[in-house]
Amino acid sequence: MTLAELLPTFRHSLPKRLDGSIWPDGAAALPSGDVTIGGVSLTELADQFGTPGYVLDVRTIRDRCRAYRALDAEIAFAGKAFLCRRMAALLAEEGMSLDVCSTGELATALAADFPAERILLHGNAKPDRELRTAANAGVGRVVIDSLAEIDQLVGAQDVLIRVTPGIDGHTHRAVATGVEDQKFGLSLAGGQAAAAVARVLQRPELRLVGLHCHLGSQIAEVLGYEEAVRRLVAFTAEIAVRHGVTLPQLNLGGGHAVAYRSGDAEFDLPGFAARIPRVLHYECRKHGLVVPQLTLEPGRAIVARAGVTLYRVVTVKHGSTRTFVAVDGGFSDNPRPSLYGSRYTTRLIGRVSDARERTMSVVGRHCEAGDVLIPDALLPSDIRAGDLLAVPCTGAYHHSMASTYNLVCRPPVVAIENGAPDLWIRRETEADLLRRDVA
Ligand SMILES: *Cc1c(COP(=O)(O)O)cnc(C)c1O
C-alpha cells in the first residue's frame with residue numbers, strides 16, 4: 001500500500017495524470033485545478049500569451065516522430081497538419097521527410113533549411129508556377145495527380161504517381177480519398193493510372209520512382225492498408241512486365257486515426273508495424289519483385305495530441321433547454337466541428353469547482369449559428385465568465401486551418417520544451433490584417 005492510498009488528503013494533494021490518449025505526454029492536473037504540460041502551467045501561459053491560444057508540447061511531437069521512425073520506412077510528415085519554421089527544423093532533426101502541397105508550405109520548409117531532397121510535393125491542381133518553384137528548389141519528388149500534370153513538368157524530376165486504389169477506409173466522406181469518383185489520384189480500375197505510367201515513361205527527364213496512394217483520414221484499421229499494398233504491388237508487377245521498369249518506392253500515404261475524446265478508436269500502429277512489412281514482402285515475392293522502400297505520410301498522428309487550445313469564457317447564457325458557454329475563439333481557430341462534425345471534450349482549468357457537472361454547449365464568438373465547438377461538453381454548473389477552458393488534441397489541422405473570419409486575429413502557437421514556453425508563432429494583430437488591405 002502506498003502513502004497516497006493510506007492518506008486520502010495526501011492523495012488529493014498529488015498531481016493527477018490526464019488521459020494520455022488525448023492529452024500530451026505527461027500532462028497533469030494539479031490540486032489547484034491548473035493543468036501542467038512538461039511542467040509548465042497552462043493558466044500561466046494563458047496570462048502570459050493571452051487567449052485563445054494554441055499550446056504545443058514538443059516532447060510529444062518528438063516521441064511520435066520516433067515511434068514512426070522505429071518502423072522500417074521513410075516517414076514523411078504531412079505539412080498541412082501543422083507547419084512553421086520551428087516545426088520544419090524539428091522534423092529535419094528527427095530524420096523525417098516532409099509533404100508539402102503549396103509554395104507557402106515549401107517556402108516555410110526551405111526557410112528552416114529543411115533538405116529539399118526530402119520534400120515531396122503533393123496536390124491535385126498544381127499551378128505551373130508551383131511546379132517551377134519546386135523544380136528550382138530541388139524538391140526531391142513530385143507526386144503526380146493528373147495526366148495533364150505530366151506535361152506541365154519541366155526538367156529532370158523524380159516522380160510518383162498517385163493512384164486511387166478503390167478502397168474505402170471507412171471514414172467521413174469529406175476525407176475519404178481512396179475511393180473511386182473523387183477528385184484525387186488516377187484510377188487503377190479505370191485505366192487512368194496505367195495511362196499515366198505510360199506517359200511518364202515517354203518523358204526521359206522524368207524518373208518514375210514509385211506509386212502513391214492515400215486512403216483518407218481518421219482511419220483506425222490496418223485492413224485497408226493491407227489491401228492497398230496488394231493492389232499497388234500487383235500494379236507495380238504489371239508495370240514491370242509491360243515496361244520493364246522496377247519501382248524502388250511504395251508510398252502508402254497517411255490518415256492514421258487519433259482519439260479526440262477518451263475511448264475513441266486510434267490507429268493500430270503496432271498492428272500496422274507487424275502486418276504491413278510482411279504483406280509487402282509476401283506480395284513482392286509472389287510477383288517476383290524486389291521489395292520497394294515504404295514511405296508513410298502521417299500528419300495528425302504526429303502532432304494532434306501534442307496540442308491544447310486555451311479559451312477564456314466570455315459569457316454564459318442559460319437558454320430554455322440548454323446552457324451556452326461562449327468563448328473568445330471558435331470557427332476561426334477550429335473549423336473542424338463545422339466541416340466534419342468533429343467531436344471534442346474540454347476541461348475547466350485554473351480553479352476547482354465542487355458544483356455538479358452538466359452537459360452544455362461550448363460555442364464560438366463568430367456570426368454563425370453553426371459556430372459550435374462542443375455541443376455536449378461536460379462542465380461544472382457554476383461555469384462563469386473569466387473561466388479558462390482547455391481543449392485537448394488540437395495540434396493538427398487547427399492552426400493550419402485557422403482563418404481570419406470576422407477579421408478575428410489568429411491565435412499564437414506557444415511551444416513547450418525543456419520546461420519552458422517558447423513562442424513559435426505570435427498572435428496576429430489588426431496591423432497584420434490592415435497590411436494586406438492596400439487600396
Ligand atoms: C492529408 C494527407 C496526409 C496526412 O493525413 P493525416 O490524416 O493527417 O495523417 C498524407 N498524405 C496525403 C497525400 C494527404 O493528402
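This briefing covers the ligand site, the strands, the cysteines and some backbone features of one structure. The model is predicted. A ligand is surrounded by 16 residues, and the protein covers 94% of the 380 Å² of accessible area that the ligand has on its own. Strand 20 has five of its five residues buried. The disulfide count is zero.

**Ligand site**

- The closest of the 16 residues around the ligand are K80, S217, G255, E297 and Y397.
- By class, the shell holds three nonpolar, eight polar and five charged residues.
- S217 contributes its side chain: an N or O atom there is 2.6 Å from an oxygen atom of the ligand.
- G255 contributes its backbone, with an N or O atom 2.8 Å from a ligand oxygen.
- R300 also uses a backbone N or O atom, at 2.8 Å from an oxygen atom of the ligand.
- With the protein in place, 94% of the ligand's own accessible area of 380 Å² is covered.

**The four-stranded sheet**

- Strands 1, 2, 3 and 4 form an open sheet in the order 1-2-3-4, with antiparallel pairing.
- Strand 1 (16-17) and strand 4 (40-41) are the edges; each has a single partner strand, so one side of each has no neighbour in the sheet.
- Strand 1 is joined to strand 2 (residues 28-29) by two bridges, and the two run antiparallel.
- R17 has A28 in strand 2 as its bridge partner.
- S41 belongs to strand 4 and is buried, at 9% relative accessibility.
- The side chain of S41 makes a polar contact of 3.0 Å with the side chain of T43.

**Strand 20 and its partners**

- Strand 20 spans residues 388-392 and is mostly covered, as five of its five residues are buried.
- L388, A390 and P392 point one way from the strand, while L389 and V391 point the other way.
- Both sets of residues are buried.
- Strand 15 (residues 307-318) pairs with strand 20 in the antiparallel sense over five bridges.
- Within strand 20, L389 is the bridge partner of Y311.
- Strand 17 (residues 347-349) pairs with strand 20 over three bridges, again in the antiparallel sense.
- R347 stands opposite A390 of strand 20.

**Cysteines**

- Why is C213 in no disulfide? Its closest cysteine sulfur, in C284, is 14 Å away, which is too far for a bond.
- The cut-off for a disulfide is a sulfur pair within 2.5 Å.
- C213 is buried, at 1% relative accessibility.
- C393 is in no disulfide either; the nearest cysteine sulfur, that of C65, lies 15 Å away.
- C393 is buried, with a relative accessible area of 1%.
- Zero disulfides is the resulting count.

**Backbone features**

- Most residues other than glycine have a negative phi, and most peptide bonds are trans.
- C393 has a positive phi of about 65° and is not a glycine.
- C393 sits in the loop between strand 20 and strand 21 (413-417).
- N406 also has a positive phi, of about 65°, and is not a glycine.
- N406 lies in the loop between strand 20 and strand 21.
- Is N406 buried or partly exposed? At 35% relative accessibility, N406 counts as partly exposed.
- T51 and P52 are joined by a cis peptide bond, with omega about -10°.
- P52 lies in the loop between helix 3 (42-49) and strand 5 (53-57).

**Other buried positions**

- Q157 lies in strand 10 (residues 157-164).
- Q157 is buried, at 8% relative accessibility.
- The side chain of Q157 reaches the backbone oxygen of V139 at 3.1 Å.
- I61 lies in helix 4 (residues 58-69).
- At 0% relative accessibility, I61 is buried.
- The C-alpha atoms of I61 and P24 are separated by 8.9 Å, with the two residues 37 apart along the chain.

Technical notes
Residues numbered from 1 in each chain as written. Predicted model: local features only at pLDDT ≥ 70, side-chain atom pairs only at ≥ 80, totals over all residues. Heavy atoms only, no water. Buried < 20%, exposed > 50% of the residue type's maximum accessible area, 1.4 Å probe, protein only. Near = heavy atom within 4 Å. Polar contact = N/O pair within 3.5 Å; in protein donor to acceptor, adjacent residues only side chain to side chain. Areas by Shrake-Rupley, 256 points an atom, 1.4 Å probe, with all protein chains shown as cover. Nonpolar A, V, L, I, M, F, W, Y, C, P; charged D, E, K, R; others polar. Pairing = 2+ DSSP bridges.
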